[in-house]
Amino acid sequence: MKNKFWIFITIALFVSACQQADYFEDLDPETGSFVEDDPNSNDTDNDHSSNDHDHGNDGEAVLTTYRINGDNIDKIKDHSIAPKYQIFQQDYAKHLAMWELVTRLLPYEFRGRLVEFEVFHGENELLGYVAPINDGDLSRWKFALAIDAANNLEQIDFKDFFTYVVIHEYGHVLTLNEGEIKTDYSNCNTFETQEGCPTTNSFIYQNFQIGWADIYEEFQQLNEGELHGFYEKYRERFSSDYAATNPGEDVAEVFAFFITTEEAPRGNTIADQKIKAMYNRPYLVDLRNKIRQDPTVRALKAGSWLQNPLRKQFKIGKHQHLGT
Ligand SMILES: [Zn+2]
């Protein structure tokens with residue numbers, strides 16, 4: 001099983017290799033971060049003109065924003081959209097099914113920081129994003145998912161790419177929240193992210209110490225075109241190609257593997273060490289156990305979302321969240 005798992009990864013990485021250039025197109029060479037292009041953060045996209053639509057730079061369209069109220073969602077607004085997206089905006093049953101999958105997947109007590117749920121059309125490129133509701137406040141988050149990536153919503157299925165997307169995006173909220181990152185950069189003795197300074201006990205800094213500290217200076221000097229070479233050079237450090245994007249994406253990928261893999265890695269590569277380190281965190285182990293408590297979930301093949309055809313169809317690198 002273990003070997004089979006890694007074969008899947010190898011195949012998936014090979015298949016996705018040709019997409020690397022696209023993955024890294026939006027990378028800010030100075031920060032190593034993806035350039036923020038939250039569709040709602042662009043003031044030119046507001047409602048002042050009837051000709052303006054709520055879309056991002058790459059064509060994805062924000063459809064509907066909901067306020068999260070426990071296990072329920074209440075619509076805040078339908079966004080201004082191009083006519084071709086109306087069928088997706090009006091499919092409220094699908095919106096609700098997407099949210100219900102989130103509630104089945106993520107235990108209630110771990111969803112306290114999720115304040116808004118947003119449905120968008122990702123134009124077969126963007127799968128999901130998270131972003132703080134307000135700048136400078138990492139305690140309240142928007143959680144957004146692409147309706148065109150959502151299929152097979154009937155059950156939690158680790159073979160389904162959408163399940164992986166939910167876990168990966170939640171991994172950002174888990175590792176970038178106010179308990180993990182201090183927005184004050186003064187006296188930062190870890191490393192600086194776009195969100196702020198990770199605490200010494202943070203998940204992202206733990207991950208950084210295992211696999212980034214000794215190569216971070218080299219990483220920071222890369223230009224866009226050199227990032228794929230960086231991944232190839234250090235690939236035994238990373239669970240996926242996308243993980244090499246920056247420390248924020250890496251810890252989200254490590255979290256996704258930690259959750260979706262049946263057991264801890266038996267190897268001792270740096271990539272293995274990162275995942276194994278999460279088993280030493282009782283909070284994460286508790287979350288993992290709760291996500292996987294359903295027997296049908298436990299029986300699913302680990303990390304098999306990597307073989308999902310959607311991985312070829314979508315670029316997973318286009319997340320819209322601050323700093324990663
Ligand atoms: Zn991400």
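Let me start with one pair of residues: Tyr 66 stands opposite Lys 75 in strand 4. I pick that pair as a way into the sheet. Before going on, a caution: this is a predicted model.

Strand 3 and strand 4 are antiparallel, and 6 bridges hold the pairing. The two form a hairpin with 2 residues between the strands, and in that hairpin Gly 70 has a positive phi near 65°.

On to the other partner of strand 3. Strand 3, residues 61-69, is joined to strand 5, residues 114-121, by 6 bridges, and these two run antiparallel. Two pairs to look at on your screens: Ala 61 stands opposite His 121 in strand 5, and Thr 65 is placed opposite Glu 118 in strand 5. How much of strand 3 is buried? The count is 7 of its 9 residues, so I would call the strand mostly covered, going by the cut-off of 20 or more other C-beta atoms within 10 Å.

Now the whole sheet. It is open and has 5 strands, in the order 4-3-5-7-6, with mixed pairing. Which strands stand at the edges? They are strand 4, residues 72-78, and strand 6, residues 128-134; each has a single partner strand, so one side of each has no neighbour in the sheet. From one strand to the next, the twist averages 30°. As general background, side chains in a regular strand alternate between the two faces of the sheet.

Next, what lies across the sheet. Helix 4, residues 92-105, lies across strand 3, strand 4, strand 5 and strand 7, and runs at about 130° to strand 5. Helix 5, residues 161-176, lies across strand 5, strand 6 and strand 7, and its direction is about 30° to strand 6.

Helix 5 also meets another helix. Its axis comes within 8 Å of the axis of helix 9, residues 247-260, and the two cross at roughly 125°. That angle makes helix 5 oblique to helix 9. The crossing of the two is right-handed. On the helix 5 side, the contact residues include Tyr 164, Ile 167, His 168 and Gly 171. On the helix 9 side they include Val 251, Ala 252, Phe 255 and Ile 259.

That brings me to the core. The background is familiar: in soluble globular proteins, nonpolar side chains tend to be buried together. Here the largest nonpolar core has 57 residues, and Leu 145, Ala 146, Val 165 and Phe 255 have the most contacts inside it. Which helix gives the most to this core? Helix 5 does, with 10 residues. Take Leu 145: leaving aside neighbours within four places in sequence, its contacts are Met 98, Val 119, Gly 128, Ala 150, Val 165 and Val 166. There is also a second, separate core of 7 residues, and among them are Leu 227, Tyr 231, Phe 238 and Ala 244.

A word on Phe 88, which sits in helix 3, residues 86-89. Is Phe 88 buried or partly exposed? It has 19 C-beta neighbours inside 10 Å and buried starts at 20, so Phe 88 counts as partly exposed. Setting aside neighbours within four places in sequence, Phe 88 is in contact with Leu 63, His 121 and Ile 147. You will remember His 121 as the residue opposite Ala 61. Phe 88 and Thr 64 are 24 residues apart along the chain, and their C-alpha atoms are separated by 9.6 Å.

Two loop residues deserve a look at the backbone. Asn 124 has phi near 60°, a positive value in a residue other than glycine. Asn 124 is in the loop between strand 5 and strand 6, and with 15 C-beta neighbours inside 10 Å it counts as partly exposed. For Asn 187, phi is also a positive value near 60°. Asn 187 belongs to the loop between strand 8, residues 181-182, and strand 9, residues 197-198. With 7 other C-beta atoms within 10 Å, Asn 187 is exposed.

Last, the chain totals. The secondary structure comes to 13 helices and 9 strands. Of the 324 residues in the chain, 42% are buried. Among contacts with a separation of 6 or more, 67% are between residues 24 or more positions apart.

Notes:
Residues are numbered from 1 along each chain as its sequence is written. This is a predicted model: local features need pLDDT of at least 70, side-chain atom pairs count only at pLDDT 80 or more; totals for chains, interfaces and linings use all residues. Two strands pair if DSSP finds at least two bridges between them. Helices (H or I, at least four residues) and strands (E, at least two) are DSSP runs, numbered from the N terminus. Axes are lines fitted to C-alpha atoms, for helices over the stretch in contact, and angles run from 0 to 180 degrees between N-to-C directions. Two residues are in contact if their C-beta atoms, placed from the backbone, lie within 7 Å. A residue is buried if 20 or more other C-beta atoms lie within 10 Å of its own, exposed if 12 or fewer, and partly exposed in between; C-beta atoms are placed from the backbone. A nonpolar core is a set of buried Ala, Val, Leu, Ile, Met, Phe, Trp, Tyr and Cys residues joined through C-beta atoms within 7 Å. Angles under 35 degrees count as roughly parallel, over 145 as roughly antiparallel, 65 to 115 as roughly perpendicular and the rest as oblique. A crossing is left-handed if the near helix is turned anticlockwise from the far one by less than a right angle, and right-handed if clockwise.
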